[in-house]
Protein chains: 2
Amino acid sequence: MKTITSRDNAQYKDLLKLAGSSQARRKSGRTLLDGVHLCQSYLQLRGMPEQCIVSESALQNPEVADIVGQLESQRAHVLGLPDALYNAVSQVEHGVGVMFLIETPERAVTEALSVSAVLLDNLQDPGNVGSILRSAAAAGITQVYCSAGTAFCWSPKVLRAAMGAHFVLDIFENVDLAALVSGAKVATLATSGYATQRLYDVDLRQPVAWLFGHEGQGVADDLLSMATHQVVIPHLGQIESLNVAACAAVCFFEQLRQGQS
Amino acid sequence: MKTITSRDNAQYKDLLKLAGSSQARRKSGRTLLDGVHLCQSYLQLRGMPEQCIVSESALQNPEVADIVGQLESQRAHVLGLPDALYNAVSQVEHGVGVMFLIETPERAVTEALSVSAVLLDNLQDPGNVGSILRSAAAAGITQVYCSAGTAFCWSPKVLRAAMGAHFVLDIFENVDLAALVSGAKVATLATSGYATQRLYDVDLRQPVAWLFGHEGQGVADDLLSMATHQVVIPHLGQIESLNVAACAAVCFFEQLRQGQS
């Protein structure tokens, strides 16, 4: 394990920049996974990180010690930091003191949609994006396509909310969703409060692509008009709209329910 | 419309304190609704606020002018603030410049559970609590009971995430959930990854109480053991757990689906 003790160390300064700037993360194609759960999930599902960073006091934690042990047995890079230096990098308050530096996978769309997928059009809130990734992964959906305006999936907030879902999904970003929808070999479904077809009345036992939009404005009109189905989740009572992540969960699990019944 | 221009005004200082401190909100039994949507919902569903606070520039906004007009026609209190003073009170970045000061309803539990309800045990995240209130209201559930450890429902973050759901719900806080569950006249359902009964196999056409717990630890064991049903939402793939608000949405809308089919 290598140790850095100076704030002026160039490698440490790079880490600080990566932790604090989404621009630095996009430019370098790297991000940080903060906390035991994300690191364990990555190890289990994706393998070795580029680097593991631990705080001095976290080495006392048995789960962290186990992670560091696994990495060192594979000769992966482990960097130790005094707590003060570590805490300046970590975005998690009262965290456990371990993070992975990983490359963010960049995928280009090369094929038409032919399996179940999630399409996110201009979704703003990182917590919503993370929750949708988590629900999709739990429902067995494996592909996620995001428009350029959607929150960056590999940001710390999205990673935290998705709880490891990233590592079982193929995530495509900066995607031309209109082109994707128009070439899709599966039905494309958008939810809309104005639709007349109930979610429950659509046959979801085939693969479908789910289209969700901006928290306030919904799916952009041009994209909405290209969807093969507009469906409504029936409601009761005076509040008509759902949070987009709640709406997505209802859709994904209705698909799973139909497939299993 | 009364106007305050000095930061030293006692009423203005009270507002600042209310905006910045959850303790001040709990102690005074008052909270702030920030933004056009929440204010419009309150007017429509609950009526006149104790006071309306507007920024100078927001008076140019037609929706805000309409709200102020409605209030003045009913001789309700409207307070105008220069933008700089208003912005120090508002927690919403780039907001529209209107808020209501309202009393937070305090309800004591006097009856046994006999209708569909949501019980929140030690739920921490205000965004999750707000999303659950919103989904419950959309699904036609009208009663919400929160343990002492659950995020304060009338905090600005919960209010923002619930988008007006508060005003159609009866919300009970600091509730002894164990006593409530043990005296319930309806089935009480908790979701658990270890349960063997599928959500879809439970008859939800009767009123039920839904029990959700802490984001990390779930429902406390003693409470879980008192629930009449433990149910699992079947999943596919390697990610097993759902965000608690996503889980709640799936449950509420499965109940609604069964009731309508």
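In the predicted model, buried residues make up 52% of the 261 residues of chain A. The chain contains 10 helices and 12 strands, and its C-alpha trace extends over about 65 × 40 × 35 Å along the principal axes. Of the contacts in chain A with a separation of 6 or more, 80% are accounted for by residues 24 or more positions apart.

The two chains are related by symmetry: chain A can be laid on chain B with an RMSD of 0.0 Å by a turn of 180° combined with a shift of 0.0 Å along the axis, and this is the relation of a two-fold axis. The same surface serves both copies, in that 100% of the contact residues of chain A recur in chain B.

Within chain A, the axes of helix 6 (residues 126-138) and helix 10 (residues 244-260) come within 9 Å and cross at roughly 10°; because angles under 35 degrees count as roughly parallel, these two helices of chain A are described as roughly parallel to each other. Helix 6 of chain A contributes A:Asn128, A:Ser131, A:Ile132, A:Ser135, A:Ala136 and A:Ala138 to the contact, while helix 10 of chain A contributes A:Val244, A:Ala245, A:Ala248, A:Ala249, A:Phe252 and A:Phe253. By class, the residues of this contact divide into nine nonpolar and three polar, with no charged residue.

The environment of helix 6 was examined in chain B. The 13 residues of helix 6 (residues 126-138) of chain B should span 18 Å at 1.5 Å a residue, which agrees with the 18 Å separating its end C-alpha atoms. Since 11 of these 13 residues are buried, helix 6 of chain B is largely enclosed by the rest of the structure; the buried residues include B:Arg134 as well as B:Ile132, B:Leu133 and B:Ala136. The cover over the buried residues of helix 6 of chain B includes helix 10 of chain A, together with strand 6 (117-121), strand 7 (143-146), helix 7 (156-162), strand 8 (170-172) and helix 10 (244-260) of chain B.

Positive phi values in residues other than glycine were found in loops of both chains, as the following two cases show. A:Met163, with phi near 55°, lies in the loop between helix 7 (156-162) and strand 8 (170-172) of chain A, and its relative accessibility of 32% places A:Met163 in the partly exposed class. B:Arg75, with phi near 60°, is located in the loop between helix 4 (62-73) and strand 4 (77-81) of chain B, where B:Arg75 is exposed, its relative accessible area being 77%.

Technical notes. Residues are numbered from 1 along each chain as its sequence is written. Chains are lettered from A and ligands numbered from 1 in the order in which they are written. This is a predicted model: local features need pLDDT of at least 70, side-chain atom pairs count only at pLDDT 80 or more; totals for chains, interfaces and linings use all residues. Side-chain values use heavy atoms; hydrogens and water are left out. Axes are lines fitted to C-alpha atoms, for helices over the stretch in contact, and angles run from 0 to 180 degrees between N-to-C directions. Helices (H or I, at least four residues) and strands (E, at least two) are DSSP runs, numbered from the N terminus. Angles under 35 degrees count as roughly parallel, over 145 as roughly antiparallel, 65 to 115 as roughly perpendicular and the rest as oblique. Contact means heavy atoms within 4.5 Å. Ala, Val, Leu, Ile, Met, Phe, Trp, Tyr, Cys and Pro count as nonpolar, Asp, Glu, Lys and Arg as charged, and the others, Gly among them, as polar. Copies are superposed by least squares on the C-alpha atoms of residues with pLDDT of at least 70 in both. The expected span of a helix is 1.5 Å times one less than its number of residues. Buried means under 20% relative accessible area, exposed over 50%, partly exposed in between (1.4 Å probe, protein chains only).
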